[in-house]
Amino acid sequence: MTEDYKPNSVLITGAAGFIASNVAIRLVKNHPKIMFVILDKLDYCANLKNLDPVKECKNFEFVKGDILSTDLVNLLVRQYKIDTIYHFAAQTHVDNSFGNSLTFTRNNVLGTHTLLECWRANQDLIKRFIHVSTDEVYGENKEPEQNPSDKTKQAMGGVEFDESHSMLLPTNPYAASKAAAELLVQSYKHSFNIPAIITRGNNVYGPRQYPEKLIPKFIYRMERKQKLCVHGKGSPRRSYLYVEDAAEAYETVLFKGKIGEIYNVGTKDEISVLEVTKAIIAAYGLKEEEGKWIEFVADRHFNDQRYYISVQKLEDLGWSPKVTFADGIKKTIDWYKKNEKHWAEEDIAGALVPHPRRPLDLH
């Protein structure tokens, strides 16, 4: 059995955001002898309050700054003797990428490239580089194949994307920027032998998520007695992983992941956008009135119908999701009700519209 990796000082990028803040909280609490340094520029979707549960911990340090600052990253690596970079920082909202795609290239591609160069300058210290990507790099799954000789794939709803054989065929600017970042990491593995691991994650939901994303947006709209704006017919299917399960998955990758590997992170349970909408309405006790709460609006420019990934490789490391979608929705609604002031009203108003767009940033 391979011995677990034992980091001493970990730099986590983007951990004032949704997923990475939950990961950071779990890691800081569970591993008090490991130093965790958070680097985040506090962009519109980040919130320093996300890290309140660990802000007084001795093994936690927050630094406001941009991953594009090579000098800052190199300084932090040397100052804290960083031996592991866990790279979560990214622009992630597909809708925004249709109107502000240059920001995605700058943050997701150039930002990753900057960190890779910082690894090159500090190879004596950094022993592991974990790059967090998305299942959207695969593009859209084909419809289930009618192949009677392949009963397994039929039962599972079609062809799964796996880490070893599936091509990268992104269909929107966000996914393309993440695929480009992955290719840079892969190139550094071949050219410079960087000790890298890549993860590709499903949709994640739960506490601390900025309400431009489907589930928190709909919770905020329900709290405001506003209809839930469903893109198109609500037919796209997604697998939704509760954030506590996601945090445990990323913890597993940190300590048990193998250098050179790619790990899909997600769940096999699929649900359509319309079904998610109805589940939220039902959780508010309004199932009999669901028709009054749903408003169908124009679809995205292009909307992948489904991403279906294999998570067998991650499960082989000992991880599996524990929270059902029904339980996760209840826990998520409870958290947002108890933390209604987590974001200032002016910070979220633009996110609650059917098609949020960030202004074009050319700087």
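Begin by selecting S1 together with strand S2 (residues 35-40), which pair in the parallel sense over five bridges; two strands count as paired if DSSP finds at least two bridges between them. Strands here are DSSP runs of E with at least two residues, and helices are runs of H or I with at least four, both numbered from the N terminus. Within this pair, Thr-13 stands opposite Leu-39 in S2.

Before going further, note that this is a predicted model, in which local features need pLDDT of at least 70 and side-chain atom pairs count only at pLDDT 80 or more, while totals for chains, interfaces and linings use all residues. Residues are numbered from 1 along each chain as its sequence is written, and side-chain values use heavy atoms, with hydrogens and water left out.

Stay with strand S1 (residues 9-13) and show its side chains: five of the five residues are buried, so the strand is largely enclosed by the rest of the structure. Buried means under 20% relative accessible area, exposed over 50%, and partly exposed in between, with a 1.4 Å probe and protein chains only. Ser-9, Leu-11 and Thr-13 point one way from S1, whereas Val-10 and Ile-12 point the other way. In a regular strand the side chains alternate between the two faces of the sheet.

Next, select the open sheet formed by three strands in the order S7-S9-S11, where the pairing is mixed. Its edge strands are S7 (203-205) and S11 (270-272), each of which pairs on one side only, and the twist averages 55° from one strand to the next. Strand S9 (residues 237-242) pairs with S11 in the antiparallel sense over three bridges, and Arg-237 has Ser-272 of S11 as its bridge partner. Now add helix H8 (residues 243-256), which lies across S7 and S9 and runs at about 75° to S9. Axes are lines fitted to C-alpha atoms, for helices over the stretch in contact, and angles run from 0 to 180 degrees between N-to-C directions.

Turn then to the helices, beginning with H7 (residues 214-223) and H12 (residues 325-338), whose axes come within 10 Å and cross at roughly 55°. H7 and H12 are therefore oblique to each other, given that angles under 35 degrees count as roughly parallel, over 145 as roughly antiparallel, 65 to 115 as roughly perpendicular and the rest as oblique. The contact (heavy atoms within 4.5 Å) involves Ile-215, Pro-216, Ile-219, Tyr-220 and Glu-223 of H7, together with Phe-325, Ile-329, Thr-332, Ile-333, Tyr-336 and Lys-337 of H12. These residues divide into eight nonpolar, one polar and two charged; Ala, Val, Leu, Ile, Met, Phe, Trp, Tyr, Cys and Pro count as nonpolar, Asp, Glu, Lys and Arg as charged, and the others, Gly among them, as polar.

Keep H12 in view and add helix H9 (residues 273-283): the axes of H9 and H12 come within 10 Å and cross at roughly 60°, which makes H9 oblique to H12. Here Val-276, Ala-279, Ile-280 and Ala-283 in H9 meet Phe-325, Ile-329 and Ile-333 in H12, a contact with seven nonpolar, no polar and no charged residues.

Finally, show H7 with H9, whose axes come within 11 Å and cross at roughly 40°. Leu-214, Ile-215, Phe-218 and Met-222 of H7 make the contact with Val-273, Val-276, Thr-277, Ile-280 and Ile-281 of H9, and by class this contact has eight nonpolar, one polar and no charged residues.
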